[in-house]
Amino acid sequence: MENNVKTNEKYISPECIEQMLDIARSIRARFAQRNQHPVATVITYGCQQNENDSERIKGMLAEMGYGFTEDKAESDLILFNTCAVRENAEKKLFGNVGALKHYKQRKPSLKIIVCGCVVGQPHAERELKQKYPFVDLVFDTKSVYRFPLLLQRVLFSDERVFETGMADTVAEGIPVLHAKQSSAFVSVMYGCNNFCSYCIVPYVRGRERSRKPEYVVEEVRKLVENGCRDITLLGQNVNSYGKDLGDIDFTGLLEKLEVIEGDFLLRFMTSHPKDMSDRLIAHIAKSRHMPHHIHLPFQSGNDRILKAMNRGYTKADYLALIERIRTAMPDATLTSDIIVGFPTETYEEFLDTIDVVKKARFDTLFTFLYSKRIGTPAAVMEGQIPDDEKHRRFDELIAVQNEISKQINLSYVGRTVKVLADGTSKTDSSVMSGRTDANKVVDFTAPCDVKGKRCIVRITEAKTWSLFGEFVDFCS
């Protein structure tokens with residue numbers, strides 16, 4: 001069986017996926033014969049791509065007969081889906097995996113699984129193998145579709161299974177268990193070809209490979225038919241979609257999705273400035289489904305640092321792109337990513353980043369202290385910036401952005417906005433919470449439970465990172 005499901009083809013065959021599902025169903029039948037009702041805990045770290053991978057893993061677990069719980073003490077299977085982008089995330093993972101040793105001692109039948117980006121790094125795989133003997137199964141992002149086969153080996157034998165380094169592939173037809181009915185992530189491509197000098201992603205997720213458009217269109221169509229109202233297209237560099245297909249690009253995919261009927265929003269992330277074409281901007285501007293919100297990481301405002309990062313654009317290029325977006329969509333909300341303290345960055349060069357922030361006037365920034373990742377070029381560069389200096393620059397950047405965010409949010413007071421309600425607020429269960437079309441968080445009072453509904457909300461108060469308001473009506 002195992003030899004039959006391995007492939008070096010880019011697209012995994014339907015027959016191979018059906019074999020995986022047959023294995024999943026056989027596991028379910030075996031549990032039923034034993035009158036077992038196993039439950040699993042799936043814990044996800046990292047980006048939306050990891051969340052989407054976990055939804056596919058949960059879909060396969062459900063196919064195998066598992067229910068789900070957040071209580072690890074009740075679990076028959078605990079799975080960590082890991083992130084390798086930040087050093088702290090990796091350290092946190094190993095600490096949390098170590099804590100599972102006591103669960104295993106109390107319940108020897110418990111299966112402990114670690115998957116995702118971290119285990120795609122050889123040093124991390126070695127550490128799990130040598131220092132965490134109670135971990136039963138380890139597999140990387142390229143082996144997600146093989147999960148039923150791998151778990152079968154673990155469930156019905158005493159062997160530990162480690163699988164990494166499979167070919168870069170695309171697998172269709174895997175069952176997906178979405179976390180929410182009203183919103184969903186849809187991966188349109190996997191991997192990355194950019195090799196930014198600080199980034200581990202190309203090494204752990206492989207080269208870029210795009211899903212065929214018909215599969216993406218069908219997945220989005222089914223989500224909309226099932227009541228989904230907010231769909232985010234995912235890719236490590238989503239707007240380079242189609243370069244490996246030859247007859248379609250990202251805008252072409254969006255044009256195919258545009259004709260789907262229904263009241264839904266279509267977002268995308270993460271985009272790369274060098275691949276943000278004028279044609280793409282024009283499509284977003286006229287689309288009936290796409291809100292005028294773009295997440296466009298720039299990482300640094302200094303040309304020398306951008307070159308050292310291997311980003312492929314200059315400060316002037318980026319600001320000109322922002323100007324083209326605002327010309328096409330004067331109401332556009334922009335968000336971005338920034339890395340503070342990249343190796344050799346001087347304070348004067350950091351001020352170029354501050355200058356971009358002031359000129360672009362982002363609604364929100366996602367800011368990160370530079371973190372070494374083993375295996376990337378930046379990790380061995382001379383001129384690593386001391387942590388205390390990174391933190392000083394970070395605080396200065398946050399102070400500038402906080403003032404901009406507050407000014408922008410204050411302009412919303414008195415206005416009405418459309419909000420997709422996610423549920424109750426994390427800080428106050430008596431009010432609802434959701435996001436605007438522009439992806440701004442809004443907490444608001446409502447006369448009833450409006451979870452999953454699109455609402456019209458009048459903004460009554462603004463803070464730096466969020467808005468507050470009152471329910472007016474449901475969107476027609």
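Helices here are DSSP runs of H or I with at least four residues, numbered from the N terminus. Arg393 is found in one of them, helix α15, and this residue makes a good place to start a tour of the model, which is a predicted one. Arg393 is buried, with a relative accessible area of 5%. Once its neighbours within four places in sequence are set aside, the contacts of Arg393 are Val340, Gly341, Glu345, Thr346, Tyr347, Phe350 and Ile385.

Charged pairs are a helpful thread through the rest of the structure. Side chains of opposite charge can pair when their charged atoms come close. A search of the whole structure finds 36 salt bridges. One of them joins Arg373 to Glu90, with 2.5 Å between the closest N and O atoms. Arg373 sits in the loop between β14 (364-369) and α15 (387-410), whereas Glu90 belongs to helix α4, so this pair ties together parts that are 283 residues apart in sequence. Both partners, Arg373 and Glu90, are buried.

A second salt bridge is formed by Arg146 and Glu163, whose closest N and O atoms are 2.6 Å apart. This pair, too, links distant parts of the chain: Arg146 lies in the loop between β5 (137-139) and α7 (147-155), Glu163 lies in strand β6 (residues 161-163), and the two are 17 residues apart. Arg146 counts as buried because its relative accessibility is 0%, and Glu163 counts as buried at 8%.

A third salt bridge brings together Arg267 and Asp230, with the closest N and O atoms 2.9 Å apart. Here the link runs between strand β11 (residues 265-269), which holds Arg267, and strand β10, which holds Asp230; the two residues are 37 apart along the chain. Arg267 and Asp230 are both buried. Beyond such pairs, salt bridges that share partners join Glu345, Asp388, Glu389, Arg392 and Arg393 into one network. Arg393, the residue that opened this tour, is thus met again as a member of that network, and Glu345 is also among the contacts of Arg393.

Helix α4, the home of Glu90, can be looked at in its own right. The helix covers residues 87-98, 12 residues in all, and reaches 17 Å from its first C-alpha to its last, close to the 16 Å expected at 1.5 Å a residue. Its buried residues are Glu90, Leu93, Phe94 and Val97. These residues cover an arc of only 90 degrees around the axis, which puts them on the same side of α4. On the other side of the helix, Asn88 and Lys91 are exposed. The buried residues of α4 pack against β3 (77-82), α5 (101-106), β4 (111-116) and α6 (122-131). Glu90 therefore appears in two settings: as a buried residue of α4, and as the salt-bridge partner of Arg373 in a pair that ties together parts far along the chain, 283 residues apart in sequence.

Strand β10, already met through Asp230, leads on to strand β7. Five bridges join β7 to β10 (residues 230-234), and the two strands run parallel. At one of these bridges, Ser187 has Leu234 of β10 as its partner. Strand β7 (residues 183-187) is mostly covered, with five of its five residues buried. Ser183, Phe185 and Ser187 point one way from the strand, while Ala184 and Val186 point the other way, and all are buried.

The cysteines tell a simpler story. The structure holds zero disulfides. For Cys47, the closest cysteine sulfur is that of Cys83, and at 6.2 Å the two sulfurs are too far apart for a bond, the cut-off for a disulfide being 2.5 Å. Cys47 counts as partly exposed because its relative accessibility is 30%. Cys199 is in no disulfide either, and the nearest cysteine sulfur, that of Cys196, is 6.1 Å away. Cys199, at 18% relative accessibility, counts as buried, since buried means under 20%.

A last stop is Leu149, which lies in helix α7. Leu149 is buried, with a relative accessible area of 4%. Between the C-alpha atoms of Leu149 and Ile459, 310 residues apart along the chain, there is a separation of 51 Å.

How values were computed: Residues are numbered from 1 along each chain as its sequence is written. This is a predicted model: local features need pLDDT of at least 70, side-chain atom pairs count only at pLDDT 80 or more; totals for chains, interfaces and linings use all residues. Side-chain values use heavy atoms; hydrogens and water are left out. The expected span of a helix is 1.5 Å times one less than its number of residues. Buried means under 20% relative accessible area, exposed over 50%, partly exposed in between (1.4 Å probe, protein chains only). The arc is that of the directions from the helix axis to the C-beta atoms. Contact means heavy atoms within 4.5 Å. Two strands pair if DSSP finds at least two bridges between them. A salt bridge is a side-chain nitrogen of Lys or Arg within 4 Å of a carboxyl oxygen of Asp or Glu.
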